[in-house]
Structures are given as structure tokens and as C-alpha cells.
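Here's a quick briefing to keep beside the viewer. Have a look at the model, then read on.

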Amino acid sequence: MARDESKNTFEKRLDILIFAVHSNRNITVTDVIDCVIETTRMTARKCLNDLVEIGYLEKVDIYRYKASAKSNELFGVKDA
């Protein structure tokens, strides 16, 4: 069971990261809920903050996030 939970946790964050990297704009918690994963606002916010903490997303302001240079490089996307 713990392995399934770990896989689910990883996949949520990976899906958010892929969305952020390929988005033409900054993303919000609402974007994550509407376009990426069916979850609560609290879980979406936690996922975004985890990705900020490890350097894959940058917090633009209180509501918006963007992919970091590290993420763009990982996925071969030119910085916007």
C-alpha cells in the first residue's frame, strides 16, 4: 500500500511539473485542479509548494507559479 501511495504522490507532482513546463503562462492552484489532477485545493497547494521547495517551480506571487530553469532544462523547453 505504501508503494502505491508513493507512486501516486510522485505522479501528481510530475503531472503538475509537465503542465507548468508546457504552459504558456504562470499557473495557479485552480489551473492544477481544473486541468491536471482531481484533488482538493489543499493538496494542489501542497504539491506546488513541494515543487517550489525542491527547485522545480518558482513562486511568482502569492497565487502564481512558473517552471524553473531547472525544469525547463529537464524537459528540453526554452525559457519563456
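Which residues does V32 touch, not counting residues up to four places away in sequence? V32 touches I16, I27, I37, A44 and L48, where contact means heavy atoms within 4.5 Å.

Some ground rules: this is a predicted model, with local features needing pLDDT of at least 70, side-chain atom pairs counting only at pLDDT 80 or more, and totals for chains, interfaces and linings using all residues. Residues are numbered from 1 along each chain as its sequence is written, and side-chain values use heavy atoms, leaving out hydrogens and water.

**Helix packing**
- Helix α1 (residues 2-22) and helix α2 (residues 29-36) have axes that come within 11 Å and cross at roughly 105°.
- That crossing makes α1 roughly perpendicular to α2 (65 to 115 degrees).
- On the α1 side, D15, I16 and F19 meet D31, V32, C35 and V36 of α2.
- The residues of this contact split into five nonpolar, no polar and two charged.

**The core**
- The largest nonpolar core (buried nonpolar residues joined through side-chain atoms within 4.5 Å) has 15 residues, and I16, A20, I27, V32, L48, L57 and Y65 touch the most other members.
- At least two residues of this core come from each of α1, α2, α3 (41-53) and β2 (65-67).

**R13**
- R13 sits in helix α1, and counts as buried because its relative accessibility is 17% (the cut-off is under 20%, with a 1.4 Å probe and protein chains only).
- The side chains of R13 and D50 share a polar contact of 2.7 Å (N or O atoms within 3.5 Å, one able to donate a hydrogen and the other to accept it).
- Neighbours within four places in sequence aside, R13 is in contact with K46, C47, D50 and L51.

Conventions
Axes are lines fitted to C-alpha atoms, for helices over the stretch in contact, and angles run from 0 to 180 degrees between N-to-C directions. Helices (H or I, at least four residues) and strands (E, at least two) are DSSP runs, numbered from the N terminus. Angles under 35 degrees count as roughly parallel, over 145 as roughly antiparallel, 65 to 115 as roughly perpendicular and the rest as oblique. Ala, Val, Leu, Ile, Met, Phe, Trp, Tyr, Cys and Pro count as nonpolar, Asp, Glu, Lys and Arg as charged, and the others, Gly among them, as polar. Buried means under 20% relative accessible area, exposed over 50%, partly exposed in between (1.4 Å probe, protein chains only).
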